[in-house]
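Student: I have a new model open and would like to go through it with you. Could we take it one question at a time?
Tutor: Happily! Let's bring it up and begin.

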Amino acid sequence: GRLALLSENYGRYIQKYSVSSTQYGNHHIRRIKINEEIFSMVVIEGSFVLSHNEKQLRRCVDTFDTEIPALSKNADFVTMRGRFDTPDRFVFLPVNDVRKFVAETVFNLDFPGRELLLKELKTTVGFSNFGYGSWNKKKNIKDKILVQYNRNEVNSVVKNHIKAAPIRSSMLSLTTENPMAFYWSNTMFIKHFSRYFEKIREEEPQLEKFWSTVETISGKNTKELFSLFGGEVSLVLEPGPKGTFFTFPLGMIFVQVENIPEFRTILERIIEEYDIPVREITYGPVRYTYWTPSPQDGLQPLYGFWGDLVFFGNSSSLLKMIVDQNAEDFSLLDNASIKAIDPGFKEKNNSVTYFNNVELIKVLQKGLDLVEMALAIEDRETASKVRIILDEIINPLLEGVKMYDKSCTRSYFTPEMVIIDSITNKTVVPLNKRMN
């Protein structure tokens, strides 16, 4: 009856349409032919099962009839599903099977990017299963991701990361009161990236020239230089000064260093070698060096040292805010709105992330406006089309996303899994206020 109704209402839009049926066990499979394309459909206990591949559809029927094992009996699925307590949504992906399917599908195909795709597939070797669950609450959304792996099979980059044991972050106090973004990790062992850097410098003559000078000045090769950095790193971002059309975000990155005096000497020699005009300032417990030609109230490239940390940034005002907050024993979780969506920042983790999504979206929107203005100088017609896309599609979508005000994420490694927990709050903000 339903198929006849569909045929009557929509058949006039289709050149060729027909329906046939066949018996399969206790089930009736309907074959729907639309313009030479055949779809197979079966109704099982009130649920429609539709497939372009009837063989696959029959496997589904066989699974329902318990003639072949169901996913619910799969040991990996049962283990993964058991880690999610009554989620509103759940997704399970057997990575090994998906990798094999994709590799076999594209192996004999010829298309641009094929080799790159196959190469990237190899990077997933060692990862066996993926699980995702979410809980949609009245005031927030909770998400959990589990990625199961075999530490003996993953590639060297992943292996170096998962060697880092979860710890309690020592950098939650290196922040402003309400940052636009905050990130911390104890897995950023820069020394492990030295061989990749070597490949890049070979392809970039200017970088090769500069880095050769650095090696000569320091008396160290790339691996030795990269080994000066430790594993802990944090990043803080704040919106730029208000009142201008577009301001670059203010940022500060803190990195643990194994030997501060040696690292300080290397930086001072580089500055001397290139005759860079700088000035050194002391502010509280930190001593920093900034580029003197930079405007004092704008972007101001700088670096400095604080205990066993070296920091790099683009704003002395941001640095001073962080130092002042630290002096008052302020931590990221002292912000009530962040604490309300804390998934476990004080627990042992390998990374924590906080985003003020509304502020980040505002920066993105201003950046897109800047791109449109730059296009207008070169091509007014193209810029006009871009403006329509921004006004009619992109900006309305971004304004809708602003209801997800802030989000916090933590991740940590166990001997067999990567675990990611996230909480995002939901707010209903009037459109006129979101646009400001």
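Student: What share of the residues is buried?
Tutor: Keep in mind that this is a predicted model. A residue counts as buried when its relative accessible area is under 20%. Across the 436 residues of the protein, the buried share comes to 38%.

Student: And what radius of gyration does the protein have?
Tutor: A useful yardstick is a compact globule of 436 residues, which would be near 22 Å. The C-alpha atoms here fill a box of roughly 85 × 55 × 45 Å along the principal axes. The radius of gyration of the protein is 28 Å.

Student: How many helices and strands are there, please?
Tutor: Both kinds of element are present in the protein. The count is 15 helices and 17 strands.

Student: Which percentage of the contacts joins residues at least 24 apart?
Tutor: The pool here is contacts between residues at least 6 apart in sequence. Of that pool, the portion that joins residues at least 24 apart is 59%.

Student: How far apart do the centres of the positive and negative side chains lie?
Tutor: Good one! The protein carries 54 positive and 55 negative side chains. Taking the centre of each set, the distance between the two is 6 Å.

Student: Now the rings: how many aromatic pairs are there, and what geometry do phenylalanine 77 and phenylalanine 90 have?
Tutor: The count comes to 16 aromatic pairs. For phenylalanine 77 and phenylalanine 90, the centres are 5.9 Å apart and the planes make an angle of 75°. Planes over 60 degrees apart fall in one class, so this pair is edge-to-face.

Student: Where in the chain do those two sit, and is phenylalanine 90 buried or partly exposed?
Tutor: Phenylalanine 77 belongs to helix H3 and phenylalanine 90 to strand E5, 13 residues apart. Phenylalanine 77 has a relative accessible area of 15% and is buried. Phenylalanine 90 has 24% relative accessibility, so phenylalanine 90 counts as partly exposed.

Student: What about phenylalanine 197 and phenylalanine 226: which helices does that pair tie together?
Tutor: Their rings are tilted, at 5.3 Å centre to centre with 50° between the planes. The pair ties together parts 29 residues apart in sequence, because phenylalanine 197 and phenylalanine 226 lie in separate helices: H7 and H9.

Student: Finally, which residues form one aromatic cluster?
Tutor: We have already met two members, Phe77 and Phe90. The full cluster is Phe77, Phe84, Phe90, Phe92 and Trp135.

Definitions and conventions
Residues are numbered from 1 along each chain as its sequence is written. This is a predicted model: local features need pLDDT of at least 70, side-chain atom pairs count only at pLDDT 80 or more; totals for chains, interfaces and linings use all residues. Side-chain values use heavy atoms; hydrogens and water are left out. Helices (H or I, at least four residues) and strands (E, at least two) are DSSP runs, numbered from the N terminus. The radius of gyration is taken over C-alpha atoms; the globule rule is 2.2 Å times the number of residues to the power 0.38. Buried means under 20% relative accessible area, exposed over 50%, partly exposed in between (1.4 Å probe, protein chains only). Contact means heavy atoms within 4.5 Å. Lys and Arg count as positive and Asp and Glu as negative; His and the chain ends are not counted. The place of a charge is taken as NZ of Lys, CZ of Arg, CG of Asp or CD of Glu. Rings of Phe, Tyr and Trp (its six-membered ring) pair if their centres lie within 6.5 Å; planes under 30 degrees apart count as stacked, over 60 as edge-to-face and the rest as tilted.
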